[in-house]
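Please read what follows with the coordinates open, since the paragraphs move from one part of the chain to another and are meant to be checked against the atoms.

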Amino acid sequence: MLTHLECTRCGEHYPADRPQSVCTKDGGVLYARYDLAKIKKNFSAAQLAGRTPTMWRYDAVLPDADPVSLGEGFTPMLPSREFPNVFIKDEGLNPTGSFKARGLSAAVTMARHFGLKKIAIPSAGNAAGALAAYAAAAGVEAHIFMPKDVPAANRIECDYYGAHVTLVDGLISDCARKVAELKDSEVWKKDGWFDVSTTKEPYRVEGKKTMGYEVAEQLGWKLPQGIIYPTGGGVGLLGMWKAFEEMEALGWIGSEGGVPHVSPRLRDVGISTGRPKMVCVQSAGCAPVVKAWEEGKSSMEMWTNAATLASGLRVPKPYGDYLILDILKKSKGIAVSATDEEILEAARHWAKVEGIFAAPEGAACLVAYRKLRASGFFKPEDTVVLFNTGSGMKYLDVLDVPGKNVARAPANSASAKPAVRHIAGIIGPY
Ligand SMILES: [Zn+2]
């Protein structure tokens, strides 16, 4: 029951029956708004039981359009084997191996719904792969602008999905500039192009907000004390906070009603009903959120010389910066950074201890959790959800740093040069 779009800066309303970008008055991010009172009357959380295990199980609070779906969402909420009250939400199991599937499933669904033919995206990597896959599934053209040094998997998957790829000598901000230049061209209007840049259209947030619904549903309609989220563009953070607001209005959280799909262990963890402290983790090589948070600012400055192996965190200035900082403040959260060395160690530790081969961005959550436990920000009894936003399989070229567990075959053996090294020499890094 989508009713309209609303500017998150000035509150201006926009019709939701046509493609929209940002507020024409102040450039504010537009949020989809629903008739939640009506939804509350017609649909309850208990009705979710037995529904398809994808993010579209929450279609009551998503736009009414025929979904372009590859099975995204409803990813596992894995109890940590190391920390008793920690859960790892493993988004690496999504189609295209990352949480970007959710936002792009929603955005491409709406683009197709509006009859758009060509979709453009500037991406640090995984969003490009997700757009390319969903565009292929929807039969629309994807035009991708990504840094030339993105992980090889991102570039190769886009090629295979049949997307038009432009490799840009720069960062995602330079890619965004390319899309902005294209937007001013005549061909853009004539051919029905659409820009699905982070927070520059309203529906990626809608897809990502389903992570918030899932956290609540998988914890028995209760919320954890904390959520640690690797923050590049911050869409998931925005989306989850929006989901909490909606679920409160719908009466889905705080209620003792039906608790479908919850293991006894999850029922017993004693989770609070208040909203979680939201924690942004960034790479020390690109930490505009951390800097602005520590300086008490309400907007961010462009981070110069951004460099990190966590390519999804190479976002020098998120467009929704004011929303991210507002959520940190309202949730009594915090922003912390992790160095590339800490991230690599954490990725290896998680793989070995939890059996989860995480994306570097996801592994950064473990670094943040350790720091916040050491500082006393989180107590051992606090339930905290860590978001592994993608699969390590998408980052083989940056994670290929052999550990001490790798034994080399003798030099005279035919396998002295492992095939994987040979292949890596051909396909990357770029
Ligand atoms: Zn506005």
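Two residues are said here to be in contact when they have heavy atoms within 4.5 Å of each other. The model to which this cut-off is applied is a predicted one.

With that criterion in hand, one may begin with a pair of packed helices. Two packed helices are described by the angle between their axes and the distance between the axes. For helix 7 (residues 203–218) and helix 8 (residues 235–250), the angle is about 60° and the axes are 7 Å apart. Since angles from 65 to 115 degrees would count as roughly perpendicular and those under 35 degrees as roughly parallel, this value makes helix 7 oblique to helix 8. The crossing in which helix 7 passes helix 8 is right-handed. On the side of helix 7, the residues that meet the partner are R204, V205, E206, K208, K209, M211, G212, Y213 and A216, while helix 8 brings V235, G236, L238, G239, M240, K242, A243, F244, E246, M247 and L250. Sorted by class, the residues of this contact between helix 7 and helix 8 comprise 11 nonpolar, three polar and six charged.

From this pair the path leads to A32, which lies in strand 3. Apart from neighbours within four places in sequence, A32 is in contact with L2, H4, L5, Y203, E206 and K242, and E206 and K242 in that list also take part in the contact of helix 7 with helix 8. A32 counts as buried because its relative accessibility is 0%, the cut-off for that class being under 20%. A further point of reference is A16, which is 16 residues from A32 in sequence and 7.7 Å from it in space, C-alpha to C-alpha.

Strand 3 (30–34) appears again in the surroundings of helix 11, whose buried residues pack against this strand and also against helix 8, strand 11 (277–283), helix 10 (288–294) and strand 12 (334–338). Helix 11 itself (residues 321–330) is mostly covered, with seven of its 10 residues buried, namely D321, Y322, L323, I324, L325, I327 and L328. After helix 11 comes K332, which has a positive phi, near 60°.

A second helix pair is formed by helix 12 (residues 340–354) and helix 13 (residues 360–374), whose axes come within 8 Å and cross at roughly 95°. Helix 12 is therefore roughly perpendicular to helix 13. In this contact helix 12 supplies E342, I343, E345, A346, A347, H349 and W350, and helix 13 supplies P360, G362, A363, A364, C365, L366, V367, R370 and K371. By class, the contact of helix 12 with helix 13 holds 10 nonpolar, two polar and four charged residues.

It remains to look at the metal site and at one loop residue. The zinc ion has as its protein donors the SG atoms of C7, C10 and C23 together with D26, which is listed twice through OD, at 2.3 to 2.5 Å from the ion. Along the chain these donors follow the spacing C-x2-C-x12-C-x2-D. Which of the classes, buried or partly exposed, does C7 fall into, and which does C10? C7 counts as buried because its relative accessibility is 4%, whereas C10, at 40%, counts as partly exposed. T54, finally, is placed in the loop between helix 1 (36–42) and strand 4 (77–79), and its relative accessibility of 10% is why T54 counts as buried. Beyond its neighbours within four places in sequence, T54 is in contact with G71, E72, G73 and F74.

Definitions and conventions
Residues are numbered from 1 along each chain as its sequence is written. This is a predicted model: local features need pLDDT of at least 70, side-chain atom pairs count only at pLDDT 80 or more; totals for chains, interfaces and linings use all residues. Side-chain values use heavy atoms; hydrogens and water are left out. Donors are N, O and S atoms within 2.8 Å of the metal (3.2 Å for Na, K and Ca); water is not among the atoms, so sites may look incomplete. Buried means under 20% relative accessible area, exposed over 50%, partly exposed in between (1.4 Å probe, protein chains only). Axes are lines fitted to C-alpha atoms, for helices over the stretch in contact, and angles run from 0 to 180 degrees between N-to-C directions. Helices (H or I, at least four residues) and strands (E, at least two) are DSSP runs, numbered from the N terminus. Angles under 35 degrees count as roughly parallel, over 145 as roughly antiparallel, 65 to 115 as roughly perpendicular and the rest as oblique. A crossing is left-handed if the near helix is turned anticlockwise from the far one by less than a right angle, and right-handed if clockwise. Ala, Val, Leu, Ile, Met, Phe, Trp, Tyr, Cys and Pro count as nonpolar, Asp, Glu, Lys and Arg as charged, and the others, Gly among them, as polar.
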